[in-house]
Protein chains: 2
Amino acid sequence: MAPTSTALNTSSSTESTSSTHSIEHLISDRAKNRSFKHFAANADENAPKNFKPHPKPLALSFGRPNAQFFPVKKITVELDHYPFQDTIFENEVIEEQDLVVIDKFPTDKNDLGAGEALQYGDVSGLPNFQKFLREFVETIHKPANSEWAITATNGSGEGLNKVADALINPGDIVLFEEFTFSPFGNNVRNVGGITVPIKLNFKATEGADIDIKYLSHLLDNWNDIYPEYKDRKPKAFYTIPTCQNPTGLTQSTATRKAIYDLASKHDFIILEDDPYGYLTLPPFQKPNKETLVSENSLQIDDYLENHLPKSYLQFDTEGRVIRIETFSKVFAPGLRLGFLVANKKIVEVVKKYSSIVTRAPSGPSQLILLNVIQQRFGGIKGWLQWILRMRLAYAHRRNVLIDSIVSSSAYEKEYIKVISCDAGMFASLLVNFPEGTTDIVDKINLLNYKFLEKGVTVVLGHKMSVNPEFSEPNANFLRLSYAPLDKDEELTEAGKRLGEAVEEFFENGFTY
Amino acid sequence: MAPTSTALNTSSSTESTSSTHSIEHLISDRAKNRSFKHFAANADENAPKNFKPHPKPLALSFGRPNAQFFPVKKITVELDHYPFQDTIFENEVIEEQDLVVIDKFPTDKNDLGAGEALQYGDVSGLPNFQKFLREFVETIHKPANSEWAITATNGSGEGLNKVADALINPGDIVLFEEFTFSPFGNNVRNVGGITVPIKLNFKATEGADIDIKYLSHLLDNWNDIYPEYKDRKPKAFYTIPTCQNPTGLTQSTATRKAIYDLASKHDFIILEDDPYGYLTLPPFQKPNKETLVSENSLQIDDYLENHLPKSYLQFDTEGRVIRIETFSKVFAPGLRLGFLVANKKIVEVVKKYSSIVTRAPSGPSQLILLNVIQQRFGGIKGWLQWILRMRLAYAHRRNVLIDSIVSSSAYEKEYIKVISCDAGMFASLLVNFPEGTTDIVDKINLLNYKFLEKGVTVVLGHKMSVNPEFSEPNANFLRLSYAPLDKDEELTEAGKRLGEAVEEFFENGFTY
């Protein structure tokens, strides 16, 4: 299971071309050995020599109902111009109607109609949807390796499970940022994999960062540091490089390059999970809707060039990056729609898995998403424009919440510190226990009951740790989401309750 | 892995009550040992004694975007009154408009709105959808065991995979009808299970049937018949009891009861897959649209009482039946929406699997389906009324195809026989090779190239066999679907091409 080192030490990753590396040895045996063939497929390999197939055969084969059996004639979707049209953007009235009309059988063959979306479809997504995804990735992320392919998923969580199946043999190791979207650990364990955390470098004023020296040392000295995993170096590193969940960390371009070089040297896959990376926010300021809306001038090209962090795909000369995206955070989670970009060989085995296990994503979800993006937003750039409006709405909500927190006496007394609040929908706070405080996890669990008593729910950072023992020294942080609440007043009140809870807890000697 | 016999031999299945049997030993170790807990869930078990939770906590916990971030304001669905409104039911004009209007936030809290459907939802389905499914099952299938539960799936294929995960340990045996929806074999093998076919009793004039004596003998003498699977008696029997795919078999009530008693005696689970069981058809007659439409008088109560075959759930006193349904065939496959009914213990482990692996089904799919059924069809009975209209459309299409086939000289010369055509969307034919013909599989494969040359695609029965060697004696049948083609004329032409291909093949000495 140890990587073969021959190909790895002879060429540097940035010089190599896409064809010199193979990643097939990193695919799981399970995925490699799976086969799928539909019973209604007709093979040609054993055809008689004089066989001439009819150009237009009539199908009595598939158990696929004719679209005329689907009761739907037409679907119309009425849309908003702004997220929080009625609240944050209440004064931004646009007169034109926003109607997206979707016929069962559109006259323009390039359109995705309801008849097609309601039919059985490709496990990788309907043809128009796949086309959109390819253009999206080409326009925005420009993969360095030409051997990439794409497949739709039923959202990121489900996409991550597909990746776990594709890569992990029982006993294989996956590296995780010590605090992370921990549910992916379930997927890794579900196929017999082992999760190993790597340290984050927490800085009370600058957020968290990945310590490249630490990671490099770990990989160079794997057998000494993890004798129990001797000769089983990590097969993959799972990272959320932008707006890391829950720490808020956004990796610099230099960090990404350095990590990619380590992946190349030590032959592992980078799993880039990026659910809300498009929503990097401007810095915190006192809430002011008018100022914010007037800032609605960021141009798409400027945004793509100067604001959006670079995907690992842009450094991926060797085809060892898997990027996992979702429409959950930028459109709606209920769609259960996302996609992944990876080396063709990996996408091939993922498709086989989908054919057998999950089947295709929902047609109505693809139908609504694609028609809204194309008819209402006019394609990729218009869609990004909507995301930027959403970014402003998140910035405002963040401003309201953080303003409430920094106005609290708990904050003034330095019981809490804001360590990050420029991530998509999360801010993270440190609970600033006096030096030498012991039993941090117990204390923060107790504090949580104070939160629940005061009437505010948060996520305790340590609940998102890969290994609670390993991460105990950094267990004193909280993740706050400004995504779910309905109103500004609720965000303000939630911040106030949080401050009061902390203050009481500190001033009661850390007892409930 | 052998069943514990204590509880089984002391009570007959039909006398036992729902609480006397446990099926937990039939759940896979994998499923039993899986745990799932969300990092944002707050536990109460370790709360301080004086803990008083706030009655209305404000959520800063979940990464769940507020519904105001979803651009959708309203969805309108325009509907047909009849399937094939423009063709089969062209003269059945109904003046009223069929508009289903779905608001983002409906004023009636009982309605499912777009805002809720676009949000993260329960892996078992949105509350309203689950409620509908429970009522549907109670009204139509009346489970004998009160300990049943329901969970939504992403269609039957995906539901079947969930069942395979829930039950099968590596090395476990699942019995299959020898010809079947063979893709489920992939799911069984995917978790290390073994598929074992059971003989169908083929009768050239009456279709196929399950031979209870054969099955009973097999189970009583398992270790002798399958020494390689000694002491590993089957854990489950996978059956499509109504409109069996591909044979067209519909089990009689007596057969179902007898099979259930065997399941009880030999302690296995019955997996009842029923994708188009609602579409049992009236007998073949010469196509005549007017007559057919005038037959549109079957009342729902009559249909439920006298036409719809009984689900195994009605005999399931012990909670050992899993019923798998889908909306693919009766609404639209692109929804990727179905459900399964099973013992609560099984549904519990399925939910854990869903939470980790597949996540929830699509919100827009649930939204459209449920609102159409409730707003347009007025609930379960109106929905069944639509299914009966669909049944008429299938009956007509079946009449057109079969009429074309029985009018062919191949049929007149008895080269082909229709063995079943009252199944939902499939007819099955026997290719009537002369007695003593050898190499049936090779010959039928060769005949298939004749079909492709003439321009008609069919499914060769043997491609749907669980074990081709085992089923070679019955390899001479074809499955024909009258579901996908667009027009009556195409069905007629397809039947004609099929007849011509068979005739040429027979009269050329079974050579291409």
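## Charge pairs, cysteines and backbone features

In this predicted model, Asp165(B) and Arg34(B) are both buried, and their side chains meet in a salt bridge with an N to O distance of 2.7 Å. The pair links distant parts of the chain, since Asp165(B) belongs to helix α5 (residues 156-167) of chain B, whereas Arg34(B) sits in the loop between α2 (29-33) and β1 (58-59) of chain B, with the two positions 131 residues apart in sequence.

### Salt bridges

Side chains of opposite charge can pair when their charged atoms come close. Over all chains, the count of salt bridges comes to 51, and three of chain B are set out below, each with its N to O distance and the separation of its partners in sequence.

| Acidic residue | Basic residue | N to O distance | Separation in sequence |
|---|---|---|---|
| Asp165(B) | Arg34(B) | 2.7 Å | 131 residues |
| Asp267(B) | Arg320(B) | 3.1 Å | 53 residues |
| Glu504(B) | Lys454(B) | 2.4 Å | 50 residues |

The salt bridge between the side chains of Asp267(B) and Arg320(B) is 3.1 Å from N to O. Asp267(B) is found in the loop between α9 (253-266) and β10 (269-273) of chain B, and Arg320(B) in the loop between α11 (300-307) and β11 (321-326) of chain B, so this pair ties together parts that are 53 residues apart in sequence. Asp267(B) and Arg320(B) are both buried.

What are the surroundings of Glu504(B) and of Lys454(B), which meet in a salt bridge of 2.4 Å, N to O? Glu504(B) lies in helix α17 (residues 488-507) of chain B and Lys454(B) in helix α16 (residues 440-454) of chain B, and the pair links distant parts of the chain. Glu504(B) has a relative accessibility of 30% and therefore counts as partly exposed, while Lys454(B), at 18%, counts as buried, the cut-off for buried being under 20%.

In chain A, Glu272(A), Asp274(A), Arg323(A) and Glu325(A) are joined in a network of salt bridges. A separate group of acidic residues, consisting of Asp439(A), Asp442(A), Glu469(A) and Glu472(A), forms a negative surface patch, and of these residues Asp442(A) is placed in helix α16 (residues 440-454) of chain A.

### Cysteines

How many disulfides does the structure hold over all chains? The number is zero, and Cys421 may serve as an example in each chain. The sulfur of Cys421(A) has its closest cysteine sulfur in Cys243(A), at 11 Å, which is too far for a bond, because a disulfide calls for two cysteine sulfur atoms within 2.5 Å. In chain B, Cys421(B) is likewise in no disulfide, and the nearest cysteine sulfur, belonging to Cys243(B), is 12 Å away. Cys421(A) is buried, with a relative accessible area of 14%, and Cys421(B) is buried with a value of 15%.

### Backbone features

A cis peptide bond runs from Asn245(A) to Pro246(A), with omega near 15 degrees, and Pro246(A) is located in the loop between β9 (236-239) and α9 (253-266) of chain A. Chain B also has a cis peptide bond between Asn245(B) and Pro246(B), where omega is about 10 degrees, and Pro246(B) is in the loop between β9 (236-239) and α9 of chain B.

Which sign does phi take at Phe84(A), a residue other than glycine? Phi of Phe84(A) is positive, near 55 degrees. Phe84(A) has its place in the loop between β2 (72-79) and β3 of chain A and is buried, with a relative accessible area of 1%. In chain B, Arg336(B) has a positive phi near 50 degrees, again in a residue other than glycine; Arg336(B) lies in the loop between β11 and β12 (338-343) of chain B, and with a relative accessible area of 9% Arg336(B) is buried.

Another loop residue, Pro106(A), is situated between β3 (99-103) and α3 (114-117) of chain A, and its relative accessibility of 22% makes Pro106(A) count as partly exposed. From C-alpha to C-alpha, Pro106(A) and Glu116(A) are 9.8 Å apart in space, while 10 residues separate them in sequence.

Notes:
Residues are numbered from 1 along each chain as its sequence is written. Chains are lettered from A and ligands numbered from 1 in the order in which they are written. This is a predicted model: local features need pLDDT of at least 70, side-chain atom pairs count only at pLDDT 80 or more; totals for chains, interfaces and linings use all residues. Side-chain values use heavy atoms; hydrogens and water are left out. Buried means under 20% relative accessible area, exposed over 50%, partly exposed in between (1.4 Å probe, protein chains only). Patches are made of residues with over 30% relative accessible area and no salt bridge: like charges are joined within 9 Å, nonpolar side chains (Val, Leu, Ile, Met, Phe, Trp, Tyr) within 5 Å. Accessible areas come from the Shrake-Rupley method with a 1.4 Å probe; for residues, only the protein chains shown count as cover. A salt bridge is a side-chain nitrogen of Lys or Arg within 4 Å of a carboxyl oxygen of Asp or Glu. Lys and Arg count as positive and Asp and Glu as negative; His and the chain ends are not counted. The place of a charge is taken as NZ of Lys, CZ of Arg, CG of Asp or CD of Glu. Helices (H or I, at least four residues) and strands (E, at least two) are DSSP runs, numbered from the N terminus.
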